[in-house]
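Work through the exercises below with the structure open beside you. Try each task before reading its solution.

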Amino acid sequence: MAESKRRGEDADDERLRDDAVVDDEATDDTDADEPVSRGGTATRKRARAESSDERKTRKDTERIGLFARIARFFREVVAELRKVIWPTRKELLTYTAVVVTFVAVMLTIVAGLDYGFAKAVLWVFGNPS
């Protein structure tokens, strides 16, 4: 039953199927007597950790200066930019070409519709000149 629910690349790997079946059988014997509940101790530990975070000393709650906050902001920006996966030159050129082509196509459609509606309005209401 566990085999039919597996997806992805590992679904066809026989080693993983055998290990999964053995693990399922081992856990079924030990957990049969214990009731199954959602949350468990991890939720209690998280609640305790959150409540301990609420108790802060006076130093933790003091306001930091304006320049310290600005410096911290820029340090965090640089740290986030280091996590970015930048595109290669080829990818960048491809993405640029796709965007320029899409914008040109949309511009053509909108210009055509504008011209068509302008002609239709002049035909309906007549040309005063």
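## Exercise 1: The length of a helix

Task: In this predicted model, compare the span expected for the 37 residues of H6 with the distance between its end C-alpha atoms.

Solution.
1. The expected span is 1.5 Å times one less than the number of residues.
2. For the 37 residues of H6, at 1.5 Å a residue, this gives 54 Å.
3. The end C-alpha atoms of H6 are 53 Å apart, which agrees with the expected span.
4. Just after H6 comes Gly 126, with a positive phi of about 80°.

## Exercise 2: The chain as a whole

Task: State how many helices and strands the chain has, and what share of its residues is buried.

Solution.
1. The chain has 6 helices and 0 strands.
2. Read from the N terminus, the order of elements is therefore written α-α-α-α-α-α.
3. A residue counts as buried when its relative accessible area is under 20%.
4. Of the 129 residues in the chain, 2% are buried.
5. The accessible surface of the chain is about 12800 Å², and carbon and sulfur atoms account for 59% of that surface.

## Exercise 3: Salt bridges

Task: Find the salt bridges of the structure and explain how the partners Glu 76 and Arg 72 are placed along helix H5.

Solution.
1. The structure contains 2 salt bridges.
2. One joins the side chains of Glu 76 and Arg 72, with 3.1 Å from N to O.
3. Glu 76 and Arg 72 lie 4 residues apart in helix H5 (residues 66-83), so about one helical turn separates them.
4. Another joins the side chains of Glu 80 and Lys 83, at 3.2 Å from N to O.
5. Glu 80 and Lys 83 are 3 residues apart in helix H5, so they too are separated by about one helical turn.
6. An α-helix has 3.6 residues a turn, so residues three or four places apart point the same way.
7. Now take accessibility: Glu 76 is partly exposed at 42%, and Arg 72 is partly exposed at 46%.
8. Glu 80 is partly exposed at 46%, whereas Lys 83 is exposed at 58%.

## Exercise 4: An aromatic pair

Task: Classify the ring pair formed by Phe 73 and Phe 74.

Solution.
1. A search of the whole structure gives 1 aromatic pair.
2. The ring centres of Phe 73 and Phe 74 are 5.4 Å apart, and their planes meet at 70°.
3. Planes over 60 degrees apart count as edge-to-face, so the pair of Phe 73 and Phe 74 is edge-to-face.
4. Phe 73 is partly exposed, at 49% relative accessibility.

## Exercise 5: A nonpolar patch

Task: Name the residues of the nonpolar surface patch and place Ile 109 in its helix.

Solution.
1. The patch is formed by Val 99, Phe 102, Val 103, Val 105, Met 106, Ile 109, Leu 113 and Phe 117.
2. Together these residues have about 770 Å² of accessible area.
3. Ile 109 belongs to helix H6 (residues 89-125).
4. With a relative accessible area of 43%, Ile 109 is partly exposed.

Definitions and conventions:
Residues are numbered from 1 along each chain as its sequence is written. Side-chain values use heavy atoms; hydrogens and water are left out. Patches are made of residues with over 30% relative accessible area and no salt bridge: like charges are joined within 9 Å, nonpolar side chains (Val, Leu, Ile, Met, Phe, Trp, Tyr) within 5 Å. Accessible areas come from the Shrake-Rupley method with a 1.4 Å probe; for residues, only the protein chains shown count as cover. A salt bridge is a side-chain nitrogen of Lys or Arg within 4 Å of a carboxyl oxygen of Asp or Glu. Helices (H or I, at least four residues) and strands (E, at least two) are DSSP runs, numbered from the N terminus. Buried means under 20% relative accessible area, exposed over 50%, partly exposed in between (1.4 Å probe, protein chains only). Rings of Phe, Tyr and Trp (its six-membered ring) pair if their centres lie within 6.5 Å; planes under 30 degrees apart count as stacked, over 60 as edge-to-face and the rest as tilted.
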